[in-house]
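Colleague: I would like to go through this model with you. May I begin with some short questions?

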Amino acid sequence: MSVKKYVYLFAEGSADMKNLLGGKGANLAEMTNIGLPVPPGLVITTEACKEFYACDRNFPPGMEEQVREYIKVLEDKTGKRFGDPQNPLLVSVRSGAPISMPGMMDTVLNLGLNDQTVQGLAATAGDERFALDCYRRFLNMFGDVVLGIEHHKFERVLEHAKQRRQVEFDNQLTAEDWRGVVEEYKKIIERETGAPFPQDPVEQLFRAIYAVFNSWNNDRAIVYRKINKIPDDLGTAVNVQVMVFGNLGNDCGTGVAFTRNPSTGENVLYGEYLINAQGEDVVAGIRTPQPIATLQQEMPDVYAQFVRTCQLLEKHYRNMQDIEFTIERGKLYMLQTRTGKRTAQAAIKIAVDMVQEGLITKEEAVLRVEPAQLDQLLHRRIDPSAQLEVIARGLPASPGAASGQVVFDADEAERLGKQGEKLILVRMETTPDDIHGIVAAQGILTSRGGMTSHAAVVARGMGKPCVCGCEALRIDYEREEFTVGQLVIKKGDLISIDGATGQVMLGQVPMIDPEISPEFQQLLTWADEIRAMGVRANADTPEDAAKAREFGAEGIGLTRTEHMFMAQDRLPIVQRMILAAGPEERAAALEQLLPMQEGDFYGILKAMAGLPVTIRLLDPPLHEFLPNAEELAVEITRLRLTGGSAKEVREKEDLLRKVRALSEFNPMLGHRGCRLGITFPEAYAMQARAIFRAAARLVQEGVEVIPEVEIPLVIDVNELRLLKEMVHQVAGEVMQQFGVHFEYTVGTMIEVPRAALLADEIAREAEFFSFGTNDLTQTTLGFSRDDAEGKFMSEYLDKKILPENPFVVLDRKGVGKLMRLAVELGRQTRPGLLVGICGEHGGEPSSVEFCYEIGLDYVSCSPFRVPIARLAAAQATVKHGRRQRS
């Protein structure tokens, strides 16, 4: 039986083999094949990783033999031998998943060193200090990654060595210092594991490969995949690559660069490097690196070659690249290229610029920007007119601004974040183990590291502000405080950071609303040209409506009239209407509410002149407008105990009886929606009259109005027929009274399964459908949203019972099937039926795509999510092809 191929040389692969070779391996193969200087290597496939887990964490049959065979090929290419004491071949062992997961899995450098080969390395390099530096790095990484020994145990030895020598940086230590560090590291390994450090390079190699496969399911990788919605079954490839050395002296170095600025999108080479260092030094933030432009002065020929290589890679991949490189004795080597992570601002500018440069099409530009990323640009920033108490400055690593209380520990940040606290995570430098704390924090501040450090890369990917390399900070973890000069900031103190300027400020700072850049406007203009589905907004006030229009909404998909009843000047009148003893008392209260509602509708319809406005009639149960029964009971008891007036006690008791009479065991499924309109038709009639009076006044003023009256929670066509007749009657009376004519439609929300199943019948009366997917999700899944999210939803997601929170991402299998059926049935009865969605799913990109797939005419969402929906709708059109808009 033939053995499956688990190992590929770089020369055997290509960029389109990403699923098999992982992103890193596929791109190393591609760079090799286009002639770039890539140290040779091999890739162990993601298939091997999947088999590893299928075989209960054992290597699949035949894999080890293939690795040994290909190591011999690397030996032949380099003229070195693995484990040779005179001329040793050293390799790096790195992970490489099909989807980039920077810093989440494990890496081992300088593998192949032992007590004999380190002498051979020293001899061939002519530098004992360099060889011992490599050995101590390898012992540290192998101990940490492969043997599971905590990094700080090695770090403590290193710090003591620097203190003895009275130096600040690792590269200031001598060969003698490193010899002592190496011996101490080996003692740590033997003490912690009960066995000496393994001297056999082949054993080292396979244990490192095992550790990388194992790291696919380490805690931080699992958290990262969960946050970024990366499937758990992809597996990781392992890249075994011949080592090149950036720590051989001052004609050597290592760095990370982006072909464009990943924060702003500016078309300039952006990155950092360190002279006489290995790659991990740059991303770990142990030394603050130099900007890449400085390399032009230090090594002009290498810099020129690097610039040409970056330009070639960007044109080849037609996207901004994130590149790792090493310089060994004046020779440039490329160690990685991948599509660079970028902020929303940068993603937009790069996409628009690349269209204008002729690199990509408008359709490709629209696909290049993650709709959810736009959230970063639609939130507030620091008010430039504010008086700021700036206490320090670092590197502007990820734009945006945040205020919060200082916290130094990732676990504590996670705990406080779950309690709703606003936090700034302050660390010397972050590591992948801090991922859960970064998720919980509003922003990240580090005292070390550059703009390509772990903190910066992860924060940019999450859209969180980050200030790195703020060297003025002196952090004391034990005392839980940091100092800047004489100023002491303790845990819990409020600070603010600005990731666009690098400023750190004392206290909470004022913020202002965002502005949309010209590139953002251009991208959205292209999105509007491409998309075949409308985008509306949910708005309950004229101000919301104006904001929605500013963000490009093509109408209002939901106005919740009950929100208008909650104003303090209206609530007493609403309560009188609900608690009325008879029709006359109720009519009097409604008469007072009529002009108020009319003013509301006048303002919204005027703000959306010429565009449709869907106005939902009263939906929630009446008890929501009344005082809380428990609070009333407590108040009555207090009045009795403190000698309150008998009259006041009687009034409160009377009110309590009425509140209890209106209370329901399950109000979400109770006396609400159209059921209120049927039992209290005068309330719905008042709302219809207010809508039509506002419309009539605007028509008289020459303003075009398109009101759509929406009847909520319908389960049967007879409900809709009854209420629609009432709406028509009121509309006729208002038109006659004002002497004007206006067009309007009457439709319904589809928010319970029965309505979806009987959509063909309901469409006989409904002129439009709007899916209320929050309630439709609750009634389809049998979940109360508040209870589910508060009690068991996390278990359902962690155990993968459900792939996503169905209140955030539309449940396509269940709720989606009902929606698809309702669209098909409704249009069988009424072919031109207008169908939309008005829940917050209307602003969630995956849900928007599904709405396009099933033929909806529009989505509606909150005003600030309108740009997200516009872009998501355009992406759906590009992915699934154009269809006619209704």
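Colleague: What does the accessible surface of the protein chain come to, and what share of it belongs to carbon and sulfur atoms?

Modeller: This is a predicted model. The accessible surface of the chain is about 36500 Å², and carbon and sulfur atoms hold 49% of that area.

Colleague: How many of the residues count as buried, as a percentage?

Modeller: The protein chain has 886 residues, and 56% of them count as buried.

Colleague: What does the C-alpha trace span along its principal axes?

Modeller: The span is about 105 × 70 × 55 Å. The secondary structure of the chain comprises 34 helices and 31 strands.

Colleague: Turning to empty space, how many cavities of 30 Å³ or more are there?

Modeller: The count is 6. The largest cavity holds about 120 Å³ of space. Its lining consists of 13 residues, and those closest to the centre are Arg-94, Met-243, Val-244, Thr-326 and Leu-335.

Colleague: Which elements give two or more residues to that lining?

Modeller: They are strand 3 (91-96) and strand 5 (237-242). By class, the lining of the largest cavity has 5 nonpolar, 7 polar and 1 charged residues.

Colleague: And what about the second largest cavity, which residues lie nearest its centre?

Modeller: Arg-137, Asp-170, Asn-171, Asp-281 and Arg-287 lie nearest, out of 11 lining residues. The space in the second largest cavity is about 80 Å³.

Colleague: Where does the largest share of its lining come from?

Modeller: Helix 5 (residues 128-146) supplies that share, with 4 residues. By class, the second largest cavity is lined by 7 charged, 2 polar and 2 nonpolar residues.

Technical notes. Residues numbered from 1 in each chain as written. Predicted model: local features only at pLDDT ≥ 70, side-chain atom pairs only at ≥ 80, totals over all residues. Heavy atoms only, no water. 1 Å grid on protein atoms, 1.4 Å probe; cavity = no way out; pocket = protein on both sides within 12 Å on 5 of 7 lines; lining within 4 Å. Points joined across faces, edges and corners; volume = space filled by probe spheres on them. Nonpolar A, V, L, I, M, F, W, Y, C, P; charged D, E, K, R; others polar. Buried < 20%, exposed > 50% of the residue type's maximum accessible area, 1.4 Å probe, protein only. Areas by Shrake-Rupley, 256 points an atom, 1.4 Å probe, with all protein chains shown as cover.
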